[in-house]
Amino acid sequence: MNGAQNLLVRVVENRRLTSEILQLRMEVAPDWGPPAPGQFVQVECLPDRPFSLRRPFSIARFRRLEDRAELHLVYAPVGDGTREMARLAPGDAVTLVGPLGRGFRPVRDRVPVLVGGGRGIAPMLMLSDSFHREHPKGMILFGVRRSGQLYELTDVPFPVRIATEDGSAGFHGNVIQLLDELLVTRKITPDGHALYACGPNPMLHALSDWAARHGFPCQVSLETLFGCGFGICAGCAVPVRSGDEETSDEFGRYRFACIDGPVFEGDRIDWEGVRE
Ligand SMILES: Cc1cc2nc3c(=O)[nH]c(=O)nc-3n(C[C@H](O)[C@H](O)[C@H](O)COP(=O)(O)OP(=O)(O)OC[C@H]3O[C@@H](n4cnc5c(N)ncnc54)[C@H](O)[C@@H]3O)c2cc1C
Ligand code: FES
């Protein structure tokens with residue numbers, strides 16, 4: 001299980017950031033982790049329901065304080081588990097497993113462009129923390145469909161460009177159209193920048209195609225459906241293009257998002273077979 005530990009942690013704060021997004025801060029032991037950007041934790045959201053599966057969440061932030069550490073998640077209540085999570089209050093106990101998975105791998109000598117779609121902004125926060133010393137000129141593109149998913153990104157080391165599909169704030173359009181603008185105005189170039197992204201699968205698919213068309217390195221953090229979260233059930237199998245040697249199944253067609261990912265090179269995914 002990647003050396004991950006099963007942990008009992010305490011809620012410090014569970015705060016609404018927008019009508020659709022919350023932030024959960026939890027206190028963890030000071031020697032936990034440290035997690036790498038793009039890794040995730042499996043949270044027991046429904047402890048009172050027998051046989052319920054833990055739910056995966058990207059690690060949004062990890063902070064070591066004097067005698068403790070804090071783990072932050074940014075999440076949307078979309079079903080039973082996450083709605084139960086939204087009821088957690090300071091002092092409540094939560095069980096989780098992690099850190100799990102393979103995170104983002106920095107591309108050398110390229111300025112990072114971090115692209116978050118909706119709740120997919122979560123891992124970009126921690127990634128920006130890790131990049132800012134080496135690449136002070138990085139940028140974050142935060143794309144949302146509507147203003148209910150938008151919140152102010154405070155405490156990030158990079159400038160943030162917002163794109164809203166309903167035109168309620170920032171650039172009017174999606175993040176691909178924003179990337180088009182940045183390319184045309186030469187604010188980003190294929191030999192100077194690398195893309196790192198998390199968001200809904202249709203966005204990641206379009207972004208990976210865009211990056212391949214224009215010659216940008218591009219890594220994406222996939223949100224597939226998970227079962228176990230550590231390589232046993234094959235519930236998270238992701239189809240990959242032929243020629244990829246490192247596959248998890250004996251036929252060489254799939255990788256497991258929970259142990260081989262959730263971060264993959266965008267051009268290695270066989271997007272036609274990914275659930276959208
Ligand atoms: C590696 C990884 C990282 C993730 N990080 C975050 C995060 O930082 N913040 C966040 O809000 N969510 C994140 N998710 C998605 C999150 O795990 C699901 O929203 C959650 O499991 C839903 O649980 P539920 O019981 O509330 O909903 P369910 O009742 O299980 O499902 C409600 C709806 O959400 C859909 N759904 C369930 N799981 C997923 C999934 N994995 N991807 C897309 N749709 C799903 C279902 O099809 C259904 O339509 C991540 C998923 C993965 C795989
Ligand atoms: S979720 Fe079970 S193998 Fe990946």
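Contact here means heavy atoms within 4.5 Å. The model in these views is predicted.

**Figure 1. The whole protein has four helices and 16 strands.** Its radius of gyration is 18 Å, close to the 19 Å that the globule rule gives for 276 residues, so the protein is as compact as a globular protein of that length. Along the principal axes, the C-alpha atoms fill a box of roughly 50 × 45 × 35 Å. Take the contacts between residues at least 6 apart in sequence: 64% of them join residues at least 24 apart. Of the 276 residues, 51% count as buried. The accessible surface comes to about 13,100 Å². Carbon and sulfur atoms account for 48% of that surface.

**Figure 2. The largest nonpolar core has 36 residues.** Val113, Leu141, Leu179, Ile188 and Leu195 have the most contacts inside this core. Several elements each supply at least two of its residues. The strands are β7 (93-100), β8 (111-117), β9 (139-144), β12 (193-198) and β13 (218-221). The helices are α3 (175-184) and α4 (201-214). Both domain 1 (5-100) and domain 2 (111-222 + 261-273) give the core at least three residues.

**Figure 3. A closer look at Ile188, one of the core residues with the most contacts.** Neighbours within four places in sequence are left aside here. Which residues does Ile188 then contact? They are Val113, Met139, Leu179, Leu182, Leu183, His193, Trp210 and Phe216. Val113 and Leu179 are also among the residues with the most contacts inside the core.

**Figure 4. Helix α2 (122-131) is mostly covered.** Eight of the 10 residues of α2 are buried. They are Ala122, Pro123, Met124, Leu125, Met126, Leu127, Ser128 and Phe131. What do these buried residues pack against? Their partners are the strands β4 (55-58), β5 (61-64), β6 (69-75), β8, β9 and β12. Among these strands, β8, β9 and β12 also each supply at least two residues to the largest nonpolar core.

**Figure 5. His135 sits in the loop between α2 and β9.** Is His135 buried or exposed? Its relative accessible area is 10%, so His135 is buried; the cut-off for buried is under 20%. The His135 side chain reaches the backbone oxygen of Arg110 at 3.4 Å. With neighbours within four places in sequence left aside, His135 is in contact with Asp109, Arg110, Val111, Pro112 and Phe158.

Terms used. Residues numbered from 1 in each chain as written. Chains lettered and ligands numbered in written order. Predicted model: local features only at pLDDT ≥ 70, side-chain atom pairs only at ≥ 80, totals over all residues. Heavy atoms only, no water. Core = buried A, V, L, I, M, F, W, Y, C linked by side-chain atoms within 4.5 Å. Buried < 20%, exposed > 50% of the residue type's maximum accessible area, 1.4 Å probe, protein only. Domains from an automatic or database assignment. Rg over C-alpha atoms; globule rule 2.2 N^0.38 Å. Areas by Shrake-Rupley, 256 points an atom, 1.4 Å probe, with all protein chains shown as cover. Polar contact = N/O pair within 3.5 Å; in protein donor to acceptor, adjacent residues only side chain to side chain.
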